[in-house]
Amino acid sequence: TTPAAPATELQRLRVDAEETVRAAVPDAVVLRPAAIYGPGRGVHTMIRAGRYRLAGDGSNVVSRIHVDDLASIVSAAIDGEVAGAWPVADDHPATAAEVTAFVCDLLDLPPPARVALDEVHETMRFTRRVDGRAIRERLGVALRYPSYREGIPAAIRQEAAGRAAS
């Protein structure tokens, strides 16, 4: 129910794209996924590859969604009777520092470097907490991975079994 309040050029472009779609197709459904992770993608892959840097003190809160849960919601939305713009996220927004510590512990890796906010992509600088319950309740979708604590270990197991994002 919170109106979009884009603060950066990238955010403005996304909102403009949504408005264009909704103007052309008034009963369209627009899904706004939180940070998408899963096999072959996400903070665990960047930490493992040595490419992840923690922005600032890591206190920014980020919502996430496992790619399999996102696919379930997309599928239900295609077949469902919904319109409008909806945030899509799991049930456990967490700080970047919390998730980083979880992943490093899980993978037995040292923590990544902390860098100034302006040294990371803008999507990693800010709090991006959203509540994704409304669309799931409306569509009757239950999350397979209600938080990163279930989803990241599952993604790592799927990677080990040979299923990676394409």
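In the predicted model, the side chains of H44 and E159 are joined by a polar contact of 2.7 Å. H44 is located in helix α2 and counts as buried, since its relative accessibility is 0%. Beyond four places in sequence, the residues touched by H44 are G38, V103, L107, I152, A155, I156 and E159. G84, by comparison, lies 40 residues from H44 in sequence and 32 Å from it in space, C-alpha to C-alpha.

E159 also takes part in a salt bridge with R48, in which the closest N and O atoms are 2.4 Å apart. This pair connects distant parts of the chain, with R48 in helix α2 and E159 in helix α6, 111 residues apart. The two partners fall into separate accessibility classes: R48 has a relative accessible area of 41% and is therefore partly exposed, while E159, at 17% relative accessibility, is buried. The 17% of E159 is under the 20% limit for a buried residue.

In total, 6 salt bridges are counted. Another of them is formed by D91 and R136, with the closest N and O atoms 2.4 Å apart. Here too distant parts of the chain are linked, since D91 sits in the loop between β6 and β7 (94-95) and R136 in helix α5, 45 residues apart. D91 is partly exposed, with 43% relative accessible area, whereas R136 counts as buried at 7%. A further salt bridge joins the side chains of R133 and D131, with an N to O distance of 2.4 Å. In this pair R133 is partly exposed at 45% relative accessibility, and D131 is partly exposed at 41%.

The largest nonpolar core comprises 17 residues, and the members with the most contacts inside it are V43, I47, Y52, V99, V103, Y148 and I152. Helices α2 (43-48), α4 (96-107) and α6 each contribute at least two residues to this core. Helix α4 accounts for the largest share, 6 residues. A separate core of 12 residues lies apart from it and includes I73, V82, W86 and L143.

Y148, one of the core residues with the most contacts, is buried, with a relative accessible area of 0%. Not counting residues up to four places away in sequence, Y148 touches Y37, R64, D90, H92, A94, E98, V99, F102 and P153. The contact list of Y148 thus includes both V99, another of the core residues with the most contacts, and charged side chains such as R64 and D90.

The count of aromatic pairs comes to 1. F102 and Y148 form this pair in an edge-to-face arrangement, with 5.2 Å centre to centre and 80 degrees between the planes. Because F102 belongs to helix α4 and Y148 to helix α6, the pair ties together parts that are 46 residues apart in sequence. F102 counts as buried, at 17% relative accessibility.

Helix α4 also contains T100. T100 is buried, with a relative accessibility of 4%. Leaving aside neighbours within four places in sequence, the contacts of T100 are I47, Y52, L54 and P112. Among these contacts, I47 and Y52 are also listed with the residues that have the most contacts inside the largest nonpolar core.

Helix α3 (residues 67-79) was examined for its span. At 1.5 Å a residue, its 13 residues should span 18 Å, and the end C-alpha atoms are 18 Å apart, so the expected and modelled values agree. The buried residues of α3 are D68, D69, L70, I73, A76 and A77. These buried residues pack against strands β1 (29-33), β2 (35-37), β5 (64-66) and β6 (84-88), and against helices α5 (133-139) and α6 (148-160). One of the buried residues of α3, I73, is also a member of the 12-residue core.

Definitions and conventions:
Residues numbered from 1 in each chain as written. Predicted model: local features only at pLDDT ≥ 70, side-chain atom pairs only at ≥ 80, totals over all residues. Heavy atoms only, no water. Helix = DSSP H or I, 4+ residues; strand = E, 2+ residues; numbered from the N terminus. Expected span 1.5 Å × (residues − 1). Buried < 20%, exposed > 50% of the residue type's maximum accessible area, 1.4 Å probe, protein only. Contact = heavy atoms within 4.5 Å. Core = buried A, V, L, I, M, F, W, Y, C linked by side-chain atoms within 4.5 Å. Phe/Tyr/Trp six-rings, centres within 6.5 Å; stacked < 30°, edge-to-face > 60°. Polar contact = N/O pair within 3.5 Å; in protein donor to acceptor, adjacent residues only side chain to side chain. Salt bridge = Lys/Arg side-chain N within 4 Å of Asp/Glu carboxyl O.
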